[in-house]
Amino acid sequence: MRLSKLFGKTQREVPADADTISHKLLVRAGMVNQLAAGIYSYLPLALKVLRKAENIIREEIDSAGGQELQLPVLQPDELWQLSGRGDKMGEVLFTVTDRREHKLVLGPTHEEVITQLVSRYVRSYRDLPLLLYQIQTKFRDETRPRAGLIRAREFPMKDLYSFDTDEAGLEISYQKMVTAYQNIFRRCGLPAMMVEADSGAIGGKGSHEFMLITPNGEDEIIHCPKCGYAANVEKATSIKDSSDIGNPLPLEKIATPGKEAIEEVASFLKIPHRNTLKAVFYVADREFVFVVIRGDLEVNEIKLKNQLAATDLRLATDAEVRGSGIITGAASPVGLSGFKIVADDSITSGSNFVAGGNKPATHLKNVNYPRDFNAEIVADITRTRAGDRCPICGGIFESKQGIEVGHVFKLGTFLSEKLGASFIDEKGESHPILIGCYGIGIGRLLAAAIEQNHDDQGITWPVQIAPYDVYLCPLYKQGSKVAEVCDGLYAELRATGLEVLFDDRKESAGVKFNDADLLGIPLRVTLSARTLEKASLELKWRTEKQTIFIPVDGAAAAIAVEFHKLKAK
Ligand SMILES: [Zn+2]
């Protein structure tokens, strides 16, 4: 490809709302262009990367037994009502109304459509298992589209669905996809970490995410370097130290004038935070919820939401708290009634806690569960942190940031029951089909690849998904043979099967080198009057500092050999 003809230009300016490195670089490299918030055009360079990633995905999924199909973007709203997920997805669903006043959904995902489709073709256990997938555009009306392609409203995705007769079959399909995903990310040159993920309040029986580790990732991952346990912070659990449990002492009232926050009460009484209980107030699906947790811990709202099986969860406002009759700054579940009380299981990891006295400026000493209060739910709702201890091996947790690029999920029979997808077994009995779903966000993968592979000058594409292999960079000089030699080399390089971006512009070395660095093509090949004096050309790998000179004669073949080695890795 001649750069002078390539659609899309590099630029110095970045849009004011570009808040991530990948967004800035994608725009500066002329790879994407924003049409509206969270809606992008993919220009030729970006599309080449997408196609390479898609090819790898297709090869791995096909070799795992997947069959590709294509499902409609427009989905009847009735299907979403039938599954009950229309309300759960809420305002994220894009909807349109047709001329007959029928409401249609622009597919944010395709579990409903494919489950209904499968229900029309699968009759017997002999028709299963099935692995069906597509690569298609999805739509989600994000509240705040941000970070360029990372949280877009329209985005390309590979989604696969597995259909099995039993748990053992689902487990086999799941493991096949885990292996395929590991192969895909490795072959894309993008090392991904597989982490345990939250599977939500409904149906899920197991779920993992594939994360590209990068400092700007929006997800936090809790990782144990000792045993390898890794989980999204939404899901991660840790050991709650219960070493200081003592005999329960009699409940005692103490005056705590002006001391409300846990920090104030703990320092006033000269006790560690872990010897206190704090109260936090939420509203879950319009119901007021009183949450109690050990004073040194924080609530994980995802875990809490799951425990409550709530669709919507938020912190209660000050007005709502006061309106419920709670004495802020001195609240505890002791002696309270009429509230839905959820306690973190840390309340059982200690004894003789200090907690609120439910009267102004009053706290209670020696509060013990269940002697002094009850809770409707006692479960792990703690936000795990770096420094906490691993429940598997006792190691000390570390925290990393990552971008989720893949998700595998055992959905079970929830949807097949709602949509009537069943099969007849050997004995003639009917059962719901077990479903798994498996996604890779391909647009997001493009952005995450840049987050993981860049430097101050620009992108540093992994060789496997780079839009081109070679950046051919002649420095033209009147009266030299640069143009002639370079045209010949361009043809020779392409004849070896390499993809070449030929910077045939009459620009200065500075401009050309800057663009070469910005675009991040793995190898820059420079020819100038000076290199030709020695019948040589200059090679510079994008991620290396030094340059190498090799003879022009045989250069194309030598470069092809290098790429062959790199791509085989
Ligand atoms: Zn561990």
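**Strand pairing and helix packing in a predicted model**

User: How many bridges join β4 to strand β6?

Analyst: In this predicted model, β4 and strand β6 (residues 103-106) run antiparallel. Within this pair, Gln75 has Val105 of β6 as its bridge partner. The number of bridges joining β4 to β6 is three.

User: Which strands are the edge strands of the open sheet that contains β4, β6 and β5?

Analyst: The sheet has three strands in antiparallel pairing, in the order β4-β6-β5. Its twist averages 40° from one strand to the next. The strands that pair on one side only are β4 (74-76) and β5 (94-97).

User: Which residue that is not a glycine has a positive phi of about 65°?

Analyst: The residue is found in the loop between β5 and β6. Its phi is about 65° although it is not a glycine, and its name is Glu101.

User: What is the strand order in the open sheet of five strands?

Analyst: The pairing in this sheet is mixed. The edge strands, each pairing on one side only, are β16 (313-315) and β20 (377-379). Neighbouring strands are turned by 30° against each other on average, direction ignored. The order is β16-β14-β15-β17-β20.

User: Which residue in β15 does Val280 stand opposite?

Analyst: Strand β14 (residues 277-284) runs antiparallel to strand β15 (residues 287-294), and eight bridges join them. The residue in β15 opposite Val280 is Val291.

User: At what angle to β16 does helix α8 run?

Analyst: Helix α8 comprises residues 301-308. The helix lies across β14, β15, β16, β17 (340-344) and β20. Its angle to β16 is about 125°.

User: Why is α2 described as roughly perpendicular to α11, and what is the angle between them?

Analyst: Helix α2 (residues 44-63) and helix α11 (residues 442-452) pack with their axes 10 Å apart. Angles of 65 to 115 degrees count as roughly perpendicular, and therefore the α2 and α11 pair receives that description. The angle at which they pack is about 110°.

User: Is the crossing of α2 and α11 left-handed or right-handed?

Analyst: In the contact, Ala46, Val49, Leu50, Ala53, Glu54 and Ile57 in α2 meet Ile442, Gly443, Leu445 and Leu446 in α11. By class, the contact has eight nonpolar, one polar and one charged residues. The crossing of the two helices is right-handed.

User: How many nonpolar residues are in the contact of α1 with α11?

Analyst: The axes of helix α1 (residues 21-28) and α11 come within 8 Å and cross at roughly 105°, which means that α1 is roughly perpendicular to α11. The contact is made by Ile21, Ser22, Leu25 and Leu26 of α1 and by Leu446, Ala447, Ile450 and Glu451 of α11. Besides one polar and one charged residue, the nonpolar residues number six.

User: How many residues apart are Arg187 and Glu59?

Analyst: Arg187 forms a salt bridge with Glu59, with the closest N and O atoms 2.7 Å apart. Arg187 is in helix α6 (residues 167-187) and Glu59 is in helix α2, so the pair links distant parts of the chain. The two residues are apart in the chain by 128 residues.

User: Which residue is joined to Pro370 by a cis peptide bond?

Analyst: Pro370 lies in the loop between β19 (362-367) and β20. The bond has omega of about 0°, and the residue joined to Pro370 is Tyr369.

User: Where is Pro129 placed?

Analyst: The peptide bond from Leu128 to Pro129 is cis, with omega near 0°. Pro129 is placed in the loop between α5 (111-121) and β7 (130-139).

Key
Residues numbered from 1 in each chain as written. Predicted model: local features only at pLDDT ≥ 70, side-chain atom pairs only at ≥ 80, totals over all residues. Heavy atoms only, no water. Axes fitted to C-alpha atoms, helices over the stretch in contact; angles between N-to-C directions. Helix = DSSP H or I, 4+ residues; strand = E, 2+ residues; numbered from the N terminus. Parallel < 35°, antiparallel > 145°, perpendicular 65-115°, else oblique. Left-handed = near helix turned anticlockwise from the far one by under 90°. Contact = heavy atoms within 4.5 Å. Nonpolar A, V, L, I, M, F, W, Y, C, P; charged D, E, K, R; others polar. Pairing = 2+ DSSP bridges. Salt bridge = Lys/Arg side-chain N within 4 Å of Asp/Glu carboxyl O.
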